[in-house]
Amino acid sequence: MYNDVRFTLNGQPMVYTGNPLRRLLDVLREDYGLTGSKEGCGEGECGACSIIKNGKLVTPCIIPVGSIQGAELLTIEGIRDTEKGKCIIEAYAEGGAVQCGFCIPGMVMATYVLLNENPDPTEDEIRLGISGNLCRCTGYDLIVESIHLAAQKGAALWKK
Amino acid sequence: MPATKIGDKVIRVDAIEKARGEATYVCDMTLPDMQYAYMVRSTVPRGTIDAIHLPEMPEGYYFISAKDIPAQGKNELWMIMKDWRCFAEDYVLYVGETIGLVVGPDRATLKDLRDQIKIDYTEQTPAVTIDDGINCVGGPMFPEKNSNVMCELFCEKGRPMEEVFAEADEIFEETLTTPYQEHAHLETNSAIATMEDGKFVFYASAQCPFYIRKSIAGLLDIPYEDIIIRQCTTGGAFGGKEHFPDVLCGALLIAENKIRKPIKMVFDREEDTQFSVKRHPSKCVYKTAVKNGEIIGTEGHIYYNCGAYLSSSFVVLQRGVFHANGVYTIPNTYLKGEGIGTNTFPTCAFRGFGAPQTLFCFETHLTHLAHHLGVDPLEFKMRYLAKKGDETTTNGHIIEDVKLPEMIDVITKESDYWNKIKEYKPGCGRGIGVALYNHGGAFTGNGEQAIIKAHARLTKTGDKVEIFVGSTEMGQGFRTSLRKICAATLGISIDNIEYKNPDTSKVVDSGPTAASRSTMIVGRLVERAALEMKERWNEGDFTTEVEYEHPEGYPWDQATFRGDAYLGYGWGAVIVEVEVDKLTNEVKTLGVWSSHEIGKAIDELIVHGQINGGIMQSLGYGSMEKLENKKGYFKQKSMSDYVIPTSMDFPKQFYHIQENPYPWGPYGAKGMGELVFNGASAAYVDAVERALNCEFTSIPIPVEDIEEALKNV
């Protein structure tokens, strides 16, 4: 028997009762069907699986589910229909940030954390903010510009 | 809804669903009663398989191998040749060669079973490097030829080289090498096999669904139509998913034939890094004859490391040879290419398809020759720029106006190149470098007509039109560009055009999504089909279908490699500026300026993204992406040791698009997806050389290699 792991997932209280050593990413994708978080590397290097844990960007591919007791988790599924989430996603579409798309949900999560902490970032601050998220397609310029766009268009949202 | 025009800014059709995390990649799919598969691979580079010891397989778990191929089938995948075995038996030729699959319902159990399988080998000495292959280390791979040469070709122009060399004041000789490169698409290789109505159905992350069908049908000796390939949203490919999905799908086909349940195989990153195809390492030996300070001839011997199977290597090598004199017209040339077999994972397509290797080597060779002659490299190169009507190295001609002078003008002004080149004395710690390059669009010569015979079909239902082609979206934006071409031609809104990920049972074969051919060839087909549909628009619901037609008057002989290799080239020029910390040798890139001539941009935002991303991959190739093979094993195994550029490594790029409409492309467009990869690595090296006053003849040049090079100055 394993101890219960209680946490909040996209605003819903959850109880996980299985093996605490399973990767949080597998639990999210397989047990809860939240496939927006992608596995790119499995070692916390690429950021494609990025989610938000207690306001901070983390990579659930290297987090055992047993360690999230009491945590508040947000995945792409939890933010995509919020005002802030829609603001970022629309800016990404308008700014040409999306190519193959595999890194993009994680990149959107990184953007969410960045703009929450810094509503009006400089180019260097944006580049630093997404530096844990690898993209092989875009060369990053249009992602950076899209994040500027999200900061401008959603100015009122981020400064709350 | 208003009619879409080519110049309109549009939102990519796939952007929102991808950003919302709703696009379905293979890894996101689950089918009822899903089984999983893991590959069992060779752990030695060369040897005989003496015995395979299997653990006891629990009920519902299988080990699938060559023995499961039915008698009528052949253990071969059909790429260009049929040399790649679906499952190795009796002997292995490289580390990572597929020997079998373990298949069953529980992944942890499967991994455990896989790890318990013990294979006895008698190891033989492997050939690993190009030089090993040339010298037949461990014995020739092709005993009947007593050599490891898999494929070869040459082309020559002008007078015999002995004559040219005899008359030269000096012969400037250099050997340059380029490395492996890993595609590192963020989505790893993956596929699912299942059955539907007695047919084998595959969901695959793939560039070329029709290639897979053709490649694997012979394993069971069944008609192509009994295999259906459905492309899933594909998370990057860059050539890595051109032929390689055949290797996954072939093995899965044999398992599916036996088990008849949905079977899913997703590589993890370590598997994808170590056990998938790569860019060909190359060695280029150039001898350039100089008289009175001018080049009078060049001889090049080009060697590509093909690994153990041919895959697409002969075509890659051809493209390498055809681009081996860069964007320059040199009066007398002899260029010879050899594809060398080694006991390493087969190399295959990767953005640029053989051209980046020779382009880097020749561009750098000319820079070094300019240093040697004491002249400015860019001024020196500009003396030899190809222009319309010039004879090419394959005895064909440059068919289009070459706009490189105008493009060089744009980026030298934007970057303040001519002032900086005077200001930055060699060795001062700052440098600025330049590279010029091109890329022949589509298949070589008449290959589009002789080999591919592409089709495109449009179906009108009410005021909606659906495009049926086998071309795939892999991130490059083709689902959007093609819909835009179709809408603009029909004079309707892009929102009324449907173009789904292809299913080989529903679409016509428009050829592979490769060779920068989609926009220029398939886009043109769709434009023609749409023009016909427009004329008949009021006839109700109907279908139009067109086949590729090659322009007349441009001969090509594929047997001798003579004639017009390409009807249209994309052209590029890039400048890179760097600052090198003279204590640590760390390089900071200060600026990147590029200009590309691609005929016409169908969608500027998509083209901008391609330019930015292609240049970034090329900068990675030149600077940091180190993939070494030691004794048959890749040394780098994951994203923590195979390093690709992050958002912090290179600055925002300046880009310029030069228009020059191409008569046979849709709205004047040519290919561009590969072109943008072909130059930045050489410009980067040129800049670092100037900053440090040294020369490099190989890439990449991470800090430790710069230190090593400086020791030798």
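How many of the twelve residues of strand E23 (residues 569-580) of chain B are buried? Eleven are, so the strand is largely enclosed by the rest of the structure. Keep in mind throughout that this is a predicted model.

**Stop 1: E23(B) and its partners**

Select E23 of chain B, then add strand E16 (residues 430-440) of chain B. Eleven bridges join E16(B) to E23(B), and the two run antiparallel. For a landmark, pick B:Gly431: its bridge partner in E23(B) is B:Val578.

Now add strand E24 (residues 587-597) of chain B. E23(B) pairs with E24(B) in the antiparallel sense, over ten bridges. Stay on B:Val578. In E24(B), B:Thr589 stands opposite B:Val578. B:Val578 therefore serves as a marker for both pairings: B:Gly431 is its partner in E16(B), and B:Thr589 faces it in E24(B).

Follow the chain around the hairpin of E23(B) and E24(B). Six residues lie between the strands. One of the residues to click is B:Asn585, which takes a positive phi near 65°.

**Stop 2: E24(B) and E27(B)**

Keep E24(B) selected. Eight of its eleven residues are buried, so this strand is mostly covered. Add strand E27 (653-658) of chain B. E24(B) and E27(B) pair over six bridges, in the parallel sense. Use B:Val592 as the landmark here; B:Gln653 in E27(B) stands opposite B:Val592.

Strands of a sheet pair through backbone hydrogen bonds, either parallel or antiparallel. E24(B) gives an example of each: antiparallel with E23(B), parallel with E27(B).

**Stop 3: beyond E27(B)**

Move on to the loop between E27(B) and helix H17 of chain B, and select B:Tyr667 there. B:Tyr667 is not a glycine, yet its phi is positive, at about 55°. Is B:Tyr667 buried or exposed? B:Tyr667 is buried, because 20 other C-beta atoms lie within 10 Å and 20 or more is the cut-off for burial.

Pass through H17 (680-692) of chain B to the loop that leads to helix H18 (703-711) of chain B, where B:Pro700 is found. Show the backbone. The peptide bond between B:Ile699 and B:Pro700 is cis, with omega about -5°. Most residues other than glycine have a negative phi, and most peptide bonds are trans.

**Stop 4: a loop for contrast**

Jump to the loop between helix H3 (130-134) and strand E7 (149-157) of chain B, and pick B:Asn146. B:Asn146 also has a positive phi of about 55° without being a glycine. Its surroundings are sparse by the count: B:Asn146 is exposed, with 10 other C-beta atoms within 10 Å.

**Stop 5: helices H5(B) and H6(B)**

Select helix H5 (residues 209-220) and helix H6 (residues 245-259) of chain B. Their axes come within 9 Å and cross at roughly 40°. H5(B) and H6(B) are therefore oblique to each other. The crossing is right-handed.

Show side chains at the contact. From H5(B), the residues include B:Tyr211, B:Ile212, B:Ile216 and B:Leu219. They meet a set in H6(B) that includes B:Cys249, B:Leu253 and B:Ile254. By class, this contact has nine nonpolar, three polar and one charged residues.

Colour H5(B) by burial. Eleven of its twelve residues are buried; among them are B:Phe210, B:Arg213 and B:Gly218. To see what covers them, add strand E10 (199-204), strand E11 (227-231) and H6 of chain B, which are included in the cover. Then step just past the end of H5(B): B:Asp221 takes a positive phi of about 55°.

**Stop 6: a three-stranded sheet**

Go to strands E4, E2 and E6 of chain B. They form an open sheet in the order E4-E2-E6, with antiparallel pairing. The edge strands are E4 (91-92) and E6 (118-123) of chain B, each pairing on one side only. Strand E2 (residues 47-53) and E6 of chain B share six bridges. Click B:Gly47 and find its bridge partner in E6(B), B:Glu123.

**Stop 7: where the chains meet**

Finally, show both chains. The contact takes 41 residues from chain A and 43 residues from chain B. On the chain A side, helices H2 (76-79), H3 (83-95), H4 (104-117), H5 (123-129) and H6 (141-153) of chain A each supply at least two residues. H3(A) gives the largest share, four residues. The chain A side divides into 21 nonpolar, ten polar and ten charged residues.

Key: Residues are numbered from 1 along each chain as its sequence is written. Chains are lettered from A and ligands numbered from 1 in the order in which they are written. This is a predicted model: local features need pLDDT of at least 70, side-chain atom pairs count only at pLDDT 80 or more; totals for chains, interfaces and linings use all residues. Two strands pair if DSSP finds at least two bridges between them. Two residues are in contact if their C-beta atoms, placed from the backbone, lie within 7 Å. Ala, Val, Leu, Ile, Met, Phe, Trp, Tyr, Cys and Pro count as nonpolar, Asp, Glu, Lys and Arg as charged, and the others, Gly among them, as polar. Axes are lines fitted to C-alpha atoms, for helices over the stretch in contact, and angles run from 0 to 180 degrees between N-to-C directions. Angles under 35 degrees count as roughly parallel, over 145 as roughly antiparallel, 65 to 115 as roughly perpendicular and the rest as oblique. A crossing is left-handed if the near helix is turned anticlockwise from the far one by less than a right angle, and right-handed if clockwise.
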